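Here is a short tour of one protein chain. Have the structure open beside you, and follow along from the pocket to the charged pairs.

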Amino acid sequence: MQRLAVYCATIAATFGAVPALAEVERKDFRINAAPDIELAIREVQNRGPKRNGPPIVLVHGARVPGIASFDLPVEGGSLAADLATRGYQVFIVDARGYGGSDRPGQDGPQEGRPLTHSNEVARDIDAVVEAIRDRTDSRQVSLLGWATGGHWAGMYASLFPEKVSHLVIYNALYGATSGHPTLGADSENADPNDRRRFNAAKFGAYRLNTAASLMPSWDKSIPADDKQSWRDPAVVEAYQHAALASDPIADGREPAAFRSPSGAMEDSFYLASGRQLWDAASITARVLIIRSENDFWSRPDDVKMLEGRLVNAARVRSVTIPDATHYVHLDRSERGRSQFIAEVVSFLSKSVSTASP
């Protein structure tokens, strides 16, 4: 966490003051998720008036932890600040094995069974929700999860429906069908000796990720040759640096690389192979499903099946953002980011009892 604070100060000095970011204040703290596991949380809120509504928890995905995903110190790089300046109290969590949270099993070699699976992250989210309920006196929270984070948030909302008022599932798998081109049985994620199983030997307990490894999936999903027309280079630089800064020993490798547990990839393999790991019928919150048209992770079938299973949700709205990438909340405003933020803010502004969809 100290390393990241130093990095953010360096970025701020490099890029200058960012007006929107100056309007919010941040507090970093830790909680116990289990007797031997502490989680890192960042609170982001407006310095001025607050909106009367549930606090919102932002849940990162399979590889890049919370602050690097949602709170980059450059213009257009902080979804947390965008929500906070609109009066929302925002909390960013690192699941176990990620970022500033404890990393059980990652001190040893990479070989071994994949670490940090969905059931464990659901328990982590519950610990965070309970800490937020104590901290804010709120009975319920809102959840927004990106990619695997959307899967984790959905699982949590299905297990603890009484604690969730609003749920945003953003570019996430739901296990609708098999045949995923990059994640399922036809991909390198499958065990070559039994393609029905995850290739645990290849992925190991955790993966090492370089700054360069973050770019190919983003590049491929941008429908333009000029990538800078779609995303700000300052956001890209901040994203890569913050991801590396999330791991205190990243610089000790050549090239520098941060660790991420492989359990999310194992669970995603089975989701991509048509297995559902949680039942959306248990969810009672308002639900917003957002999918980018050019997303490489989720599929239209995931949205369709999830809609059909949300039979007890207070309201369900699905949005596909045209031409948008998996990283739309980090892309330029005119490339889908403005629509993404508008949809989320409009959704959060409606109470569970509101009659309009």
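In this predicted model, the largest pocket has a volume of about 740 Å³. Its lining counts 29 residues, and the closest to the pocket centre are Arg 63, Arg 207, Ser 217, Phe 296 and Trp 297. By class, the lining has 14 nonpolar, ten polar and five charged residues. Three elements each supply at least two lining residues: helix H7 (200–203), strand E9 (206–210) and helix H8 (216–221). The largest share, four residues, comes from H8.

For the wider setting, the unreviewed UniProt entry places the feature "domain: AB hydrolase-1" at residues 54–332. Over residues 54–332 the chain is 30% helix and 19% strand, with the end C-alpha atoms 28 Å apart.

Now turn to helix H5, which covers residues 118–136. H5 has 19 residues and reaches 26 Å from its first C-alpha to its last, close to the 27 Å expected at 1.5 Å a residue. The buried residues of H5 include Val 121, Ile 125, Val 128, Val 129 and Ile 132, and also Asp 124 and Asp 126. After the helix comes Asp 137, whose phi is positive, near 60 degrees.

Next, the charged pairs. Side chains of opposite charge can pair when their charged atoms come close. The count for this model comes to 22 salt bridges, among them the three below.

| Salt bridge | N to O distance |
|---|---|
| Arg 96 and Glu 120 | 4.0 Å |
| Asp 126 and Lys 163 | 2.8 Å |
| Glu 188 and Lys 202 | 3.7 Å |

How far apart in sequence are Asp 126 and Lys 163? Asp 126 lies in H5 and Lys 163 in the loop between helix H6 (148–159) and strand E6 (164–170), so the pair ties together parts that are 37 residues apart. Asp 126 is buried, at 16% relative accessible area, and Lys 163 is buried too, at 9%.

H5 also takes part in the pair formed by Arg 96 and Glu 120: Glu 120 sits in the helix, and Arg 96 in the loop between strand E4 (90–93) and H5, 24 residues apart. Arg 96 is buried, with a relative accessible area of 6%, whereas Glu 120 counts as partly exposed at 22%.

The third pair links Glu 188, in the loop between E6 and strand E7 (190–191), with Lys 202 in helix H7, 14 residues apart. Here Glu 188 is exposed, at 57% relative accessible area, and Lys 202 is partly exposed, at 45%. Elsewhere, salt bridges that share partners join Arg 26, Asp 28, Arg 42 and Asp 71 into one network.

Conventions: Residues are numbered from 1 along each chain as its sequence is written. This is a predicted model: local features need pLDDT of at least 70, side-chain atom pairs count only at pLDDT 80 or more; totals for chains, interfaces and linings use all residues. Side-chain values use heavy atoms; hydrogens and water are left out. UniProt positions are given in the numbering used here, feature names are shortened, and annotations may be inferred rather than shown by experiment. On a 1 Å grid over the protein atoms alone, a cavity is a set of points where a 1.4 Å probe fits but cannot get out, and a pocket is an open set with protein on both sides within 12 Å along at least five of seven lines; lining residues have an atom within 4 Å of a point. Grid points are joined across faces, edges and corners, and a volume is the space filled by probe spheres set on the points. Ala, Val, Leu, Ile, Met, Phe, Trp, Tyr, Cys and Pro count as nonpolar, Asp, Glu, Lys and Arg as charged, and the others, Gly among them, as polar. The expected span of a helix is 1.5 Å times one less than its number of residues. Buried means under 20% relative accessible area, exposed over 50%, partly exposed in between (1.4 Å probe, protein chains only). A salt bridge is a side-chain nitrogen of Lys or Arg within 4 Å of a carboxyl oxygen of Asp or Glu.
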